[in-house]
Amino acid sequence: MNRRPLRTAVPILSTTALLLTGATAASAAAPAPTGEPVIVLDNGTVVHAGETVTFSFTGDKPAGSQDDADAGSGVHHPTRCIETNDKPTYTVKGTPYFLEDRNKPQSTYLLPRQTVSWAVTGTHTFTWDVGTGVEIDANAILAKAKVKLDTKISNSWTWTGTQTVTDTNTTSKAYRAVLGQVGWKITSVKSWVAAPCTPKTKTIVIKTPRRGDMSIGRQSS
């Protein structure tokens with residue numbers, strides 16, 4: 001189901017995409033069309049839905065690698081595949097992504113020109129969505145993303161307070177307005193060499209929240 005968020009509490013700015021330290025905004029950032037998620041990075045770069053911010057980093061060497069064992073024993077293995085002890089590399093792409101509030105769901109069907117306004121109170125918690133068996137990699141990816149992409153990224157974020165969110169359907173089609181928050185969809189490709197000298201890759205997808213206000217998104221039905 002396609003989700004196209006409408007409005008967020010994040011201010012919409014007009015700026016030119018900047019080169020980040022270790023990251024690159026995809027294109028020049030103009031004011032976002034109504035209905036798309038917008039994230040403003042710490043340096044003022046505006047990232048719209050469909051745009052990506054990319055970076056790469058080198059992970060830690062696998063625990064208990066043969067290099068570690070050899071260092072303690074003085075044993076040398078001239079025929080061993082050295083590459084199997086190389087550190088893995090991660091290529092990461094981040095795109096704004098709308099996260100539906102599943103703890104306290106709220107939605108309504110809007111026809112063209114109809115408006116909805118919700119007074120949101122209390123606490124609303126959003127947690128990451130990540131595949132099983134990749135939590136260690138996901139934590140490493142998020143740790144780097146906080147530095148290179150967005151310091152507000154988190155694997156869990158609880159919004160607390162009182163806020164009014166409003167949306168008017170300015171399109172020619174009906175859709176379902178849903179309560180939620182704009183976070184990130186982070187897609188990373190991990191590359192490494194497994195024994196015996198076999199190159200491998202693994203794609204890791206993380207849908208994760210960021211510290212910020214509540215908003216209204218749209219679903220096609």
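**Figure 1. Lys190, Asp137 and Lys202 up close.** At 14% relative accessibility, Lys190 counts as buried. This is a predicted model, and in it Lys190 pairs up with Asp137 in a salt bridge, with 3.2 Å between the closest N and O atoms. Lys190 sits in strand E11 and Asp137 in helix H2 (residues 135–148), so this pair ties together parts of the chain that are 53 residues apart in sequence. Asp137 is buried too, at a relative accessible area of 8%. Asp137 also forms a salt bridge with Lys202, and here the closest N and O atoms are 3.3 Å apart. That pair links helix H2, home of Asp137, to strand E12, home of Lys202, with the two positions 65 residues apart. Lys202 is partly exposed, with 27% relative accessibility. Put together, Asp137, Lys190 and Lys202 make up a network of salt bridges.

**Figure 2. The Asp150 and Arg210 salt bridge.** The model has three salt bridges by count, and this view shows the one between Asp150 and Arg210, whose closest N and O atoms are 2.7 Å apart. Asp150 is in the loop between H2 and strand E10 (156–168), while Arg210 is in the loop between E12 and strand E13 (215–219), so the bridge ties together parts 60 residues apart in sequence. Both partners are tucked away: Asp150 is buried with a relative accessible area of 0%, and Arg210 is buried at 3%. As a general reminder, side chains of opposite charge can pair when their charged atoms come close.

**Figure 3. The disulfide between Cys81 and Cys197.** There is one disulfide in the structure. Its partners are Cys81 and Cys197, and their sulfur atoms lie 2.0 Å apart. The link spans distant parts of the chain, 116 residues apart: Cys81 is in the loop between helix H1 (66–73) and strand E6 (89–100), and Cys197 is in the loop between strand E11 (175–194) and strand E12 (198–208). The two ends have their own surroundings: Cys81 is buried at 12% relative accessibility, whereas Cys197 is partly exposed at 44%.

**Figure 4. Backbone oddities in the loop between E11 and E12.** Stay with Cys197 for a moment, this time for its backbone. This cysteine lies in the loop between E11 and E12 and has a positive phi, near 60 degrees, despite not being a glycine. Pro196 belongs to the loop between E11 and E12 as well, and a cis peptide bond joins Ala195 to Pro196, with omega about -5 degrees. For context, most residues other than glycine have a negative phi, and most peptide bonds are trans.

**Figure 5. Arg113, another residue with positive phi.** Here phi is near 75 degrees, a positive value in a residue other than glycine. Arg113 is found in the loop between strand E7 (107–110) and E8. With 72% relative accessibility, Arg113 counts as exposed.

**Figure 6. A look into the largest pocket.** The volume of the largest pocket is about 270 Å³. Its lining has 13 residues, and those nearest the centre are Leu99, Glu100, Arg102, Thr127 and Asp129. Strands E6 and E8 (115–127) each supply at least two residues of that lining. Sorted by class, the lining breaks down into six charged, four nonpolar and three polar residues.

Notes
Residues numbered from 1 in each chain as written. Predicted model: local features only at pLDDT ≥ 70, side-chain atom pairs only at ≥ 80, totals over all residues. Heavy atoms only, no water. Disulfide = S-S within 2.5 Å. Helix = DSSP H or I, 4+ residues; strand = E, 2+ residues; numbered from the N terminus. Buried < 20%, exposed > 50% of the residue type's maximum accessible area, 1.4 Å probe, protein only. 1 Å grid on protein atoms, 1.4 Å probe; cavity = no way out; pocket = protein on both sides within 12 Å on 5 of 7 lines; lining within 4 Å. Points joined across faces, edges and corners; volume = space filled by probe spheres on them. Nonpolar A, V, L, I, M, F, W, Y, C, P; charged D, E, K, R; others polar. Salt bridge = Lys/Arg side-chain N within 4 Å of Asp/Glu carboxyl O.
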